[in-house]
Structures are given as structure tokens and as C-alpha cells.
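Please load the model in your viewer and keep the selection panel handy. We will go from the whole chain to a few charged side chains.

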Amino acid sequence: MDSVHVLKVDGLKKSFRDEVQQVIQNVLATMLNHSEKVTVTYEVGTKTTVFKVDCHPEDYGQLLGKQGRNIEGLRRITIAMMAKYGCRAIIEVPYIKKNEENT
């Protein structure tokens, strides 16, 4: 009986992760200039979900925001949504070198 409950809860968490992924995708697509280049993927750990965000190199400034305010706000909202289901959330933004921005 317990194993069925765990599977059911895990199924709910997976669908919720998909929903949070879509929310992040929609917010970034609205916020950034190259909305067609925005991708959000996630990896699931035991209690932590890592959302990986990628976008056009010209949009990284907008993604991060002044002193990191945009990405920090998005992280806080994501953490709040995931906390409802007892999961931690991390939004990971890949490092981009200065000379890669201009290519």
C-alpha cells in the first residue's frame, strides 16, 4: 500500500515539475527579445529539481537583470512553487564568456 502511495505522490511531483518548467519558459519568453531561443530543461534528484535555462547570448543581460534581480526573482518564485510539494528547486544559468556574447 505504501509503495502505491509513493508512486502516486511521485507522479504528482513529476507533473508539477513539468508545470513549473512551462511557467519558467513562458516568463522568459515574454521577458527576453529572442523568445524562440529560450529553453528550459530539468533534472530530478531525490529532493531537488535543477532547472537549466538557456537563451540567446544577447539575452543574458536581460535574463540576469541589474545586479541579478531578474534571475533572483524568478528563482524565488520557482522555489515557492516547488516548496508546496516538498521539493527544492535550483535555476541554473550557464556561464557565458565575454567573447562568446559577440559571436
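Here is a short tour, one selection at a time.

**Stop 1: the whole chain.** Start with a cartoon view, and bear in mind that this is a predicted model. You should find four helices and three strands, and walking from the N terminus you pass them in the order α-β-β-α-α-β-α. Now switch on a surface: the chain exposes about 7,100 Å², with carbon and sulfur atoms supplying 54% of that area. Of the 103 residues, 28% are buried. If you like contact maps, look away from the diagonal: among contacts between residues at least 6 apart in sequence, 57% join residues at least 24 apart.

**Stop 2: K52.** Next, select residues 48–54, which form strand β2, and pick out K52 within that strand. Is K52 buried, exposed or partly exposed? Its relative accessible area is 30%, and K52 is therefore partly exposed, as this value lies between the 20% and 50% cut-offs. Show the surroundings of K52 and, leaving out residues up to four places away in sequence, you will see that K52 touches T39, V40, T41, E43 and E92. For a backbone check, draw a distance from the C-alpha atom of K52 to that of I91: they are 5.9 Å apart, although 39 residues separate the two along the chain.

**Stop 3: the charged network.** Keep K52 on screen and add E43 and E92 as sticks. Which residues are linked here in a network of salt bridges? The members are E43, K52 and E92. On one side, E43 pairs with K52, with 3.3 Å between the closest N and O atoms. On the other, K52 forms a salt bridge with E92, where the closest N and O atoms are 3.6 Å apart. This second pair ties together distant parts of the chain, since K52 sits in strand β2 and E92 in strand β3 (residues 88–92), 40 residues apart. Color by accessibility and both acidic partners come out as partly exposed: E43 at 47% and E92 at 38%.

**Stop 4: helix α3.** Finally, move to residues 69–83, helix α3, and display R76 and E72. Their side chains meet in a salt bridge, 3.3 Å from N to O. Why is about one helical turn between them? R76 and E72 are four residues apart in this helix, which accounts for that spacing. R76 counts as exposed at 57% relative accessibility, whereas E72 is partly exposed at 34%. With this pair in view, you have visited the three salt bridges that the structure holds.

Technical notes: Residues numbered from 1 in each chain as written. Predicted model: local features only at pLDDT ≥ 70, side-chain atom pairs only at ≥ 80, totals over all residues. Heavy atoms only, no water. Helix = DSSP H or I, 4+ residues; strand = E, 2+ residues; numbered from the N terminus. Buried < 20%, exposed > 50% of the residue type's maximum accessible area, 1.4 Å probe, protein only. Contact = heavy atoms within 4.5 Å. Areas by Shrake-Rupley, 256 points an atom, 1.4 Å probe, with all protein chains shown as cover. Salt bridge = Lys/Arg side-chain N within 4 Å of Asp/Glu carboxyl O.
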